[in-house]
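Here's a quick walk through one model, one region at a time. Have the viewer open and follow along.

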Amino acid sequence: MTETTTPEEACPVAPVVDIVFSRWTTPILWVLNEYGRQRFVELAGRITTITPKVLTQRLRQLERDGLVVRTYHAEVPPRVEYEISELGRSLGPLFASLSAWSVNLPRVAAARAEYDARAR
């Protein structure tokens, strides 16, 4: 790596990680993929640990990134729905691979316990 190499050039996965694995992206995309089109209140009800402010911010970012589609219905009262886009759906194999890798979590827990025991 030279002095002028950007982090993205050094590790092209870094921008993907920034987009896909920010704190609330995966739960939001999972809910939209699992349950289909959702209104804001439905999403908030399914992801109970997220605040409305953060959910709004994340949905805007996901829409901006092309992973979520927002549909505004000009009704009284107005209705807004969110759904996962084809681009968002294309992350399915990545999430499936990560889910398969989760069988290693007990080994991670054991490694952490061993490390913590040594650190004492």
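## The sheet

Let's start with the strands. Keep in mind that this is a predicted model. Three strands make up an open sheet, ordered β1-β3-β2, with antiparallel pairing. The edges belong to β1 (38-39) and β2 (68-73), each with a single partner strand, so one side of each has no neighbour in the sheet.

How many bridges hold each pair together? Between β1 and β3, which run antiparallel, there are two bridges. Q38 has Y82 in β3 as its bridge partner. The pairing of β2 with β3 is also in the antiparallel sense and extends over six bridges. Here H73 sits opposite R79 in β3. These strands, β2 and β3, form a hairpin, and five residues lie between them. A general point to have in mind while looking at side chains here: in a regular strand they alternate between the two faces of the sheet.

## The nonpolar core

Next, the inside. The largest nonpolar core counts 18 residues, and the ones with the most contacts inside it are I28, L32, L43, L59, V68 and Y82. Which elements give two or more residues to this core? They are α3 (25-35), α5 (52-64) and β3 (79-84). The top contributor is α3, with four residues.

L59 is a handy place to centre the view. Setting aside residues up to four places away in sequence, L59 touches I28, F40, L43, V68 and Y82. Several of those names should look familiar: I28, L43, V68 and Y82 are among the residues with the most contacts inside the core. Y82 also links this picture back to the sheet, being the bridge partner of Q38.

## A closer look at L55

L55 belongs to helix α5. Is L55 buried or exposed? With a relative accessible area of 0%, L55 is buried, the cut-off for that label being under 20%.

What does L55 contact, once neighbours within four places in sequence are left aside? The list is I28, F40, L43, A44 and I50. For A44 there's a backbone distance to go with it: the C-alpha atoms of L55 and A44 are separated by 7.4 Å, with the two residues eleven apart along the chain. I28, F40 and L43 also turn up among the residues that L59 touches.

## Salt bridges

Now for the charges. In general, side chains of opposite charge can pair when their charged atoms come close. This structure holds six salt bridges, and R37, E75, R79, E81 and E83 are linked in a network of them.

R37 is a good way into that network. R37 forms a salt bridge with E81, where the closest N and O atoms are 3.9 Å apart. Since R37 lies in the loop between α3 and β1 and E81 in strand β3, the pair ties together parts that are 44 residues apart in sequence. R37 is partly exposed at 47% relative accessibility, whereas E81 is buried, with a relative accessible area of 14%. R37 also forms a salt bridge with E83, and there the closest N and O atoms are 3.4 Å apart. E83 lies in strand β3 too, so this pair ties together parts that are 46 residues apart in sequence. E83 itself is partly exposed, with a relative accessible area of 24%.

Another pair in the network is R79 with E75, whose closest N and O atoms are 2.8 Å apart. E75 counts as partly exposed, at 36% relative accessibility. R79 is the residue that H73 stands opposite in the sheet.

## A nonpolar patch outside

Finally, the surface. Which residues form the nonpolar patch there? They are V13, V16, V17, F21, L94 and L98, and together they have about 450 Å² of accessible area. Two helices, α2 (14-20) and α7 (92-101), each supply at least two residues of the patch.

V17 serves as an example: V17 is found in helix α2, and its relative accessible area of 37% makes V17 partly exposed.

Key. Residues are numbered from 1 along each chain as its sequence is written. This is a predicted model: local features need pLDDT of at least 70, side-chain atom pairs count only at pLDDT 80 or more; totals for chains, interfaces and linings use all residues. Side-chain values use heavy atoms; hydrogens and water are left out. Patches are made of residues with over 30% relative accessible area and no salt bridge: like charges are joined within 9 Å, nonpolar side chains (Val, Leu, Ile, Met, Phe, Trp, Tyr) within 5 Å. Accessible areas come from the Shrake-Rupley method with a 1.4 Å probe; for residues, only the protein chains shown count as cover. A salt bridge is a side-chain nitrogen of Lys or Arg within 4 Å of a carboxyl oxygen of Asp or Glu. Buried means under 20% relative accessible area, exposed over 50%, partly exposed in between (1.4 Å probe, protein chains only). A nonpolar core is a set of buried Ala, Val, Leu, Ile, Met, Phe, Trp, Tyr and Cys residues joined through side-chain atoms within 4.5 Å. Contact means heavy atoms within 4.5 Å. Two strands pair if DSSP finds at least two bridges between them.
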